[in-house]
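Biologist: Hi! Could you walk me through this one? I'd like to start with the inside and then look at charged pairs.

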Amino acid sequence: MRRVGFITLGGAAVLALAVSAWAGSASEEARTSSSGATPLEEVAAKDYDRENFGNSTKVDNKWFPLRPGAQLVFRGTTTEGKETIAHRVIFTVTDLTKEIDGVRNVVLWDRDYSSGKLVEAEIAFFAQDDAGNVWQLGEYPEEYENGKIVKSPLWIHGLQGARAGLTMRAVSREGTPSYSLGWGPAVGFNDRSKVLRTGTKTCVPLGCYTNVLVMNEFNPDEPGKHQLKYYARGVGNVRVGWAGTNEDTKESLVLVEVNRLGAQAMARARAAARKLEASAYERRKVYSETPPLERG
């Protein structure tokens, strides 16, 4: 099951300090399907084509903008059974890139804290196609217990049968089919996303947003469990919730802080991302089939 943000169990959302300056998304009307056949509101993971990524690291999708130096902080709780735990998630868009299947990706660095302790960190890889759809081509997460790595469910497009997933369509409309967020058979990653609602309103500590897009993320193998993500136009993910009669991890998070990193903070983010990649090369032999991170 995916967790918060633009990245989750893997996976990854970006907000802006000055939204209008950071996003600059092209209009829906100006964009057409890369293939010329599939309507943008119906693009699915099967439509992935590495030839359609002419400027892949310019991620300006209006619901999912990724600009290097953007950092956002979510706070909330996770409830499992009768226990409720304080939860904090920090997403950072680095100025690093990684080439996967000939497509250059933006690198995100995530940290996940429960009761103040780091329980997961990861690097994840996103690219935008020529039509404005955002794709995820893989991720390397590390899960920790008592400061030690206990799990690292890596998936990378093209390796071990994994396939890229569609993170956000250029055009999102109600009533359209769900789509795959990625397929990582070696680690059981099989999550999907579907437009639940459009044009809603939500408020978080940083302000209120209208015309909000609500996405329902789920794993078909886990019926009755749903994660809800709220996206503000030109901003990104602002709230995370849950739904479903069988949901055993009830996660609720809201955006509480947005930062624009300076040179020193960006250098620390680069170092942290590279440290995770070094661990991936050491722990997971298949990762050696990918080239190293590069400065954007």
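Modeller: Sure, we'll go through the nonpolar cores and then the salt bridges, and please keep in mind that this is a predicted model.

Biologist: Great. How many residues are in the largest nonpolar core, and which of them touch the most other members?

Modeller: That core has 53 residues. The ones touching the most other members are Ile123, Phe125, Trp135, Leu137 and Met168.

Biologist: Which elements give two or more residues to this core?

Modeller: Mostly strands are on that list: β2 (83-100), β3 (103-114), β4 (117-128), β5 (134-145), β8 (165-168) and β11 (207-218), along with helix α2 (263-283).

Biologist: And which element gives the most?

Modeller: That would be β4, which puts six residues into this core.

Biologist: Let's zoom in on Met168. What does Met168 touch?

Modeller: Leaving out residues up to four places away in sequence, Met168 touches Asn61, Trp63, Phe64, Gly132, Asn133, Val134, Tyr179, Leu213, Met215 and Tyr231.

Biologist: Nice. What lies apart from the largest core?

Modeller: There is another core, made of 10 residues. Val204, Val214, Val238 and Val254 are among them.

Biologist: Okay, new topic. How many salt bridges does a search of the whole structure find?

Modeller: The search turns up 11 salt bridges.

Biologist: Show me one! What does Lys98 pair with?

Modeller: Lys98 meets Glu277 through their side chains, at 2.7 Å from N to O. Lys98 is in strand β2 and Glu277 is in helix α2, so this pair ties together parts that are 179 residues apart in sequence.

Biologist: Are those two buried or exposed?

Modeller: Lys98 and Glu277 are both buried.

Biologist: Cool. And what about Arg295, which side chain does that one meet?

Modeller: Arg295 forms a salt bridge with Asp95, with 3.4 Å between N and O. Here Arg295 belongs to strand β15 (residues 294-295) and Asp95 to strand β2, so the bridge joins parts 200 residues apart in sequence. Asp95 has 16% relative accessibility, so Asp95 counts as buried.

Biologist: Which residues are linked in a network of salt bridges?

Modeller: Arg50, Glu51 and Asp101 are linked that way. Between Glu51 and Arg50, the closest N and O atoms are 4.0 Å apart.

Biologist: Is Glu51 buried or exposed? And how about Arg50?

Modeller: Glu51 is exposed, at 61% relative accessible area. Arg50 is partly exposed, at 45%.

Biologist: Thanks, that helps!

Technical notes:
Residues numbered from 1 in each chain as written. Predicted model: local features only at pLDDT ≥ 70, side-chain atom pairs only at ≥ 80, totals over all residues. Heavy atoms only, no water. Core = buried A, V, L, I, M, F, W, Y, C linked by side-chain atoms within 4.5 Å. Buried < 20%, exposed > 50% of the residue type's maximum accessible area, 1.4 Å probe, protein only. Helix = DSSP H or I, 4+ residues; strand = E, 2+ residues; numbered from the N terminus. Contact = heavy atoms within 4.5 Å.
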